[in-house]
Structure formats: structure tokens, C-alpha cells
Amino acid sequence: MRTTVRAGRRKVEVKHAEKPLFGPDGATKADLADYYARIAPLMLPLVRDRPVALERFPDGIDDSGFLSQHPPHPKWIRTVWTSSGRMMECQEAAALVWCADQAAITLHTWSSRTPRLGLPDRMVLDLDPVGEGEDAFESCRDAAWSVREVLTELGLAAYVMTTGSRGLHVHSPLRPEVGDLEVRRLAKAVADRVAARAPEEWTTRVRKAARHGRMFVDYLRNGPAQLAVAPYSVRARPGAPVAAPVTWEELDQLTSSRDLTIDLERQECPFAGMRRHARSPRRALSLLDRGEGGVVPRPRTSQGEGE
């Protein structure tokens, strides 16, 4: 069965629309396409102008998927040359729906935008708890608050989202002043400061054998050609959970990174206006190099910098 989904000024044909992608009784390809068409007004400002890679599951999540960085695509989808080759960009709602037609459940994006590829306008700290359950997620949530406190000490803003998998991502909007490797150096320094606050729970050791059951404060999403799950992407998990931006108040109400699903309905995005709060990574690095940047953490009040 085929269906046509209206997305902005285009109509996109979705083939095999009735195919279940999330198990026999789970969401179908049509459900995925409808979700991306519905969420496009919130998602597009966060992914537009970024190279995109697709995590595709042609036979659904019960079979193996694969990452596609250079998929064949319609001529109307914009592409850009990158260090990884020519990659597509999602500039309009129809591109998101076309991705759903390709059984691309999850979209992953670069941390920089055209025309300034290689100069990131965001930094991402990835917090992936050890184990399952509310206790593991609580430790992850505590780490996210610590990341926010360290970023605040360095004069940087902090926004949080679920990954739809196990943990959380903390985004910090940056002015595109320095290259990928310098942003990774900044992310590593932030992660080290966070881990030092609870060394028995958190670590920045890359090797799993060296973590000894501690949660990895992952700074490696930053760097040349590195990818991070795009906000509002659906994840290849039972129940079709979503990588959803949340406010810091909402974060304290969550019990799992998979609480928000493809049924998500929102009129406003907690990440709206994030780019207006971009701060200088050069200044933050200078503070770190001088051993400065320690202030009293701000109270838990709101998204971003407490504005």
C-alpha cells in the first residue's frame, strides 16, 4: 500500500506505508512519516543546514539496520560536500518525510552548519547510564545538572534532551569561532570537571575496562565529522521513543529516556531560541587555560541560562 503525505509545499509518496517498523503491533512506516511531518516545524530549525546521516531499518527494528551517509535521493533535496563526501541536508518538512519513506527511523547530524562546516555552533555531552531502571536514570539526571553547573561556570548555556535510548544529551550553543578539535578539547575539560564532582559514579575514561562500572561522561560526540542524534528523531526501540528536548523542570519529572514517544504533541520547543544564547568557546577555553571559571552554580530554574 502506498500513501501520500503532505509536507509543506510538497507531497511525498510513502511506499509500503502499512509495514510495521517497531514490531508486529508497533508503529508503521506511515506513522513514522506522519510524525516527521507533524514535528517538522519544531525539528527543522535544529537540523537545517547540517549534514545528515540516516539510520535505516528497511525490515524494522527486529532486523539489523545500517547507517547511510550518502543515500541516493531526489534532486530537490539539498546536498553539501563534506570531509566525508557528499551528504544530504534536511531543509524542509518533505525531506524528513522522504527519510521516513526510506525507513530512516533516526537522523544524525553534524555539530556545524553550512557554510561554516568545521566550526561547530553546538557542543554535546552524552550521558549514558550504566544499567537500566530509575536509579540508573537518576544518576544520569544528576550528571546532566552537574554539566549545566560546569557550563554556567564557564559562561556557557545548557539545554537538555532525552536520547530516546538510555540517557541524556546536554547541548551548549556556541559561536562558530573555533574548530572541531578545539570544541572537543572544551568538551573534554567540561566532562573532566563533571566527573571530578562524583568520581565514584562518573568518569571520562574512554576504555570500558577502565570505568569500573561508572557512567561515561562522553565528550566524543564532538570532533571532525562526528554525529549526534538529531533532536526529535525517533529511535529504533520498542514503543518508538523520541530524542526529545525538555525543559530542566521536565527533566526532574522523567523516569526514563524513553518516556516521550512518537505520539509526542508539542506547540513549542524547549530549544527554541537556543542560537540567541550562543556563547564564546574561545572565552571558555581561555578561562580553563587560566584555571578560572568557578562560580556558585545557579539554582535549578529553567532551560538555558535561567533566562
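**Exercise 1.** Are F216 and Y219 buried or exposed?

*Solution.* Start with the source. This is a predicted model, in which local features need pLDDT of at least 70, side-chain atom pairs count only at pLDDT 80 or more, and totals for chains, interfaces and linings use all residues. Residues are numbered from 1 along each chain as its sequence is written, and side-chain values use heavy atoms, without hydrogens and water. Now apply the cut-offs: buried is under 20% relative accessible area, exposed over 50%, partly exposed in between (1.4 Å probe, protein chains only). F216 is buried, and Y219 is too.

**Exercise 2.** Count the aromatic pairs, then classify Y159 with F271 and F216 with Y219.

*Solution.* Rings of Phe, Tyr and Trp (its six-membered ring) pair if their centres lie within 6.5 Å; planes under 30 degrees apart are stacked, over 60 edge-to-face, the rest tilted. The count is four aromatic pairs. For Y159 and F271, the centres are 5.6 Å apart and the planes stand at 80°, so this pair is edge-to-face. Both Y159 and F271 are buried. For F216 and Y219, the values are 6.3 Å and 70°, so this pair is edge-to-face.

**Exercise 3.** Which residue lies over the face of F216?

*Solution.* The test needs NZ of Lys or CZ of Arg within 6 Å of the ring centre and within 35 degrees of the ring normal. R211 lies over F216, 4.2 Å from the ring centre.

**Exercise 4.** List contacts of M123.

*Solution.* Contact means heavy atoms within 4.5 Å. Skip neighbours within four places in sequence; the partners then include L151, L156, V170, H171 and N222.
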